[in-house]
Amino acid sequence: ARRKEAEKKLVESEKRHKLMLSESQRVHRQLQFVSRRVLLAQEDERKQISRELHDDITQILTAIKIRLASLTIEADTNTRNLKRKILSAQKMVEKSVNLVHRFARELRPALLDDLGLIPAMHSFMKALTKRTGLHIRFTAFKEVENASIAKRTALYRVAQSALNNIVQHANANRAEVFIKKLPDSVSLSIKDDGKSFDAKRILSSPRPKRLGLLSMRERVEMFGGTFSVISVSGEGTTIEVTIPIQGKEFR
C-alpha cells in the first residue's frame with residue numbers, strides 16, 4: 001500500500017513537472033517572439049523618427065537657409081518686402097521648433113522630470129484631446145509625486161500606451177484615468193467606452209499581435225505590481241494597475 005501510494009505521488013509529481021515544463025517552454029517561446037517584435041518595433045519607430053526629421057525638419061531648415069540667403073541679397077537692393085519675408089522666415093523657424101518639441105515629448109517628456117507626473121499627464125492628455133477629440137477625465141492625488149521617478153515613469157508610460165491604444169483601436173468617445181492612493185500601493189485605472197476585445201487571448205498568446213498590453217504588464221510587474229484588463233462588449237475596457245509604494249513615499 002505504501003509502495004502504491006508512493007507510485008501515485010510519483011506519477012502526480014511527474015504530471016506537475018510536465019505541466020511546469022510545458023508552461024515554461026510556452027513562456028520562453030512567447031518571450032522570444034516578443035523580444036523580436038520589440039526589436040522590430042524599435043526599428044520601425046527609429047525609421048519613422050528619421051523619416052519625419054528628414055522630411056519635415058530638414059526641408060524647413062533648408063527653406064529657411066534659402067530664404068535668409070535671399071534676404072541678405074535683398075537687404076541692400078529691395079527693402080520694400082523685407083519685413084514680410086522676415087516674418088515668413090520666423091514662422092518657418094517656429095514650425096521647426098514645434099516639431100522638435102513634439103519629437104522630444106514623445107521620446108521623453110521634460111515635464112515628467114522637471115514638474116512631475118501629474119503635469120506631464122495633463123499635458124499629454126490635453127495634446128491627445130486636441131489631436132483626436134477623445135474626451136479624457138483625469139484625477140490623481142498629489143502625494144503620488146513622492147514616488148520614485150522610475151515608478152512615476154512606469155505609471156506615465158502605462159497611461160500613455162493605454163490612451164494611444166484607445167485612440168487607435170477602441171473607437172471610443174470618452175476615457176477616464178484615475179490615480180488613487182491605497183494603503184501600500186498606488187492604483188492606476190484607465191477606462192474607455194469603446195469596443196471590447198479578447199484581452200486574455202492577447203496576453204497569453206505565444207505570438208501576440210499587440211505589444212502594448214505586454215509592455216504595460218512588464219513595466220508594472222518589474223516593480224512587483226499587478227496588471228489586469230477587463231473588456232466587456234457594450235461596456236468598454238478597463239485597465240487596472242497597482243504598484244507597491246513604500247510608506248515614506250506617501251509622506
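Ser 185 stands opposite Pro 244 in strand S5, and that pair is a handy place to enter this predicted model. A little further along, Ser 187 faces Thr 242 of S5. Both serines belong to strand S3, residues 185–192, which runs antiparallel to S5, residues 236–244, with eight bridges joining the two.

Now look at the other partner of S5. Strand S4, covering residues 226–232, pairs with S5 over seven bridges, again in the antiparallel sense. One of the positions to find here is Phe 227, whose bridge partner in S5 is Val 241. S4 and S5 form a hairpin with three residues between the strands, and in this hairpin Gly 234 takes a positive phi near 85 degrees.

With those pairings in hand, we can step back to the whole sheet. It is an open sheet of five strands in the order S1-S2-S3-S5-S4, and its pairing is mixed. S1 and S4 stand at the edges with a single partner strand each, so one side of each has no neighbour in the sheet. From one strand to the next, the twist averages 10 degrees.

Next come the helices that pack on this sheet. H4 touches S1 and strand S2 (174–181), and its direction makes about 170 degrees with that of S1. H5 lies across S1, S2, S3 and S5, running at about 10 degrees to S3.

How do these two helices sit relative to each other, roughly parallel or roughly antiparallel? Helix H4 (residues 117–132) and helix H5 (residues 149–170) pack at an angle of about 10 degrees, their axes 10 Å apart. Because angles under 35 degrees count as roughly parallel, H4 is roughly parallel to H5. On the H4 side, the contact is made by Leu 117, Ala 120, Met 121, Phe 124, Met 125, Leu 128, Arg 131 and Thr 132. H5 contributes Arg 152, Leu 155, Tyr 156, Ala 159, Gln 160, Leu 163, Asn 164 and Val 167. Sorted by type, the residues of this contact comprise 11 nonpolar, three polar and two charged.

Finally, a word on how confident the prediction is. The protein averages a pLDDT of 82, and 84% of the residues score at least 70. Confidence is highest in strand S1 (residues 135–139), at a mean of 96, and this is the edge strand that H4 touches. At the other end of the range is helix H6 (residues 199–204), where confidence is lowest, at a mean of 72.

Technical notes
Residues numbered from 1 in each chain as written. Predicted model: local features only at pLDDT ≥ 70, side-chain atom pairs only at ≥ 80, totals over all residues. Heavy atoms only, no water. Pairing = 2+ DSSP bridges. Helix = DSSP H or I, 4+ residues; strand = E, 2+ residues; numbered from the N terminus. pLDDT = per-residue confidence, 0-100. Axes fitted to C-alpha atoms, helices over the stretch in contact; angles between N-to-C directions. Parallel < 35°, antiparallel > 145°, perpendicular 65-115°, else oblique. Contact = heavy atoms within 4.5 Å. Nonpolar A, V, L, I, M, F, W, Y, C, P; charged D, E, K, R; others polar.
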